[in-house]
Amino acid sequence: LEARGPLLGKARSRLESFDRRRVFLRGESIRKLKFAADVFDVVVSSLTWLDLPEPGRALSEFHRVLKPGGKVALAFPLHGTLEEIYDLFSEVTLKYELPEVQRSLEERLLRRHLEEEAARQMLAGVGFENISLASKTEEITFPAERRFFEAPLIRALYVPHWQKAADVHAEELFKHTGAAIETYFGTEPFPVTIRAGCLVGEKPE
């Protein structure tokens, strides 16, 4: 499922080598699924559910369409992901007197990078049981130049959210943060932390 047409097109191109009789794509929002209740054994969602204004609505829909005993698996970034860049954002917004940008960044961070217990509670809150959470922490590196914000991973998953948070100050935020990366790391790689979580829950029988 994908609400945006361009991403559906990319998915279709990647599925050309698969048996399409076993895979189908639909363009709709996960906030209100058109499927009947109790039809799927497993529901998997990566990141999308956390990008919604009310992620609980998507979780409720996942619960509704699962068969009793069915499982949901949710992938998402845990609290601590990209902490290095958020530290630099804090430094920049303080230095250039952008408190409203800092507040907005913090709000989005708390909503998108959940603490482990908060993630479990969200799933339990819509009726899932036997909840487990696996996590893995990795360090990845980027070129230390200002091109950090041009990296495909960062552009796809984070830049749009940071632009919304910074609003008219986005260009200024990125410019000064890029300069800070350059100052602190020079030609050395810029290391950032990724904490990936996979949350699994079961619909009661």
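**Exercise 1. In what order do the 4 strands of the open sheet stand, and what is the sense of their pairing?**

Before the solution, note that the model is predicted, that local features need pLDDT of at least 70 and side-chain atom pairs pLDDT 80 or more, and that totals for chains, interfaces and linings use all residues. Residues are numbered from 1 along each chain as its sequence is written, and side-chain values use heavy atoms, with hydrogens and water left out.

*Solution.* Step 1: helices (H or I, at least four residues) and strands (E, at least two) are taken as DSSP runs, numbered from the N terminus, and two strands pair if DSSP finds at least two bridges between them. Step 2: the order that results is 1-2-4-3, with mixed pairing. Step 3: strand 1 (40–46) and strand 3 (129–142) stand at the edges with a single partner strand each, so one side of each has no neighbour in the sheet. Step 4: strand 1 and strand 2 (residues 66–77) pair in the parallel sense over 6 bridges, and Val 44 stands opposite Ala 73 in strand 2.

**Exercise 2. Identify the buried residues of helix 2 and the elements against which they pack.**

*Solution.* Step 1: buried means under 20% relative accessible area, exposed over 50%, and partly exposed in between (1.4 Å probe, protein chains only). Step 2: in helix 2 (residues 55–65) the buried residues are Pro 55, Ala 58, Leu 59, Glu 61, Phe 62, His 63 and Val 65. Step 3: these residues pack against strand 1, strand 2 and helix 5, where contact means heavy atoms within 4.5 Å.

**Exercise 3. Classify the ring pair of Phe 148 and Phe 190, and place both residues in the chain.**

*Solution.* Step 1: rings of Phe, Tyr and Trp (its six-membered ring) pair if their centres lie within 6.5 Å, and planes under 30 degrees apart count as stacked, over 60 as edge-to-face and the rest as tilted. Step 2: a search of the whole structure finds 13 aromatic pairs. Step 3: the ring centres of Phe 148 and Phe 190 are 5.4 Å apart and the planes stand at 75°, so this pair is edge-to-face. Step 4: the pair links distant parts of the chain, since Phe 148 lies in the loop between strand 3 and helix 6 (152–157) and Phe 190 in strand 4, 42 residues apart. Step 5: both Phe 148 and Phe 190 are buried, and ring pairs link them into a cluster with other residues, including Tyr 86, Phe 89 and Trp 162.
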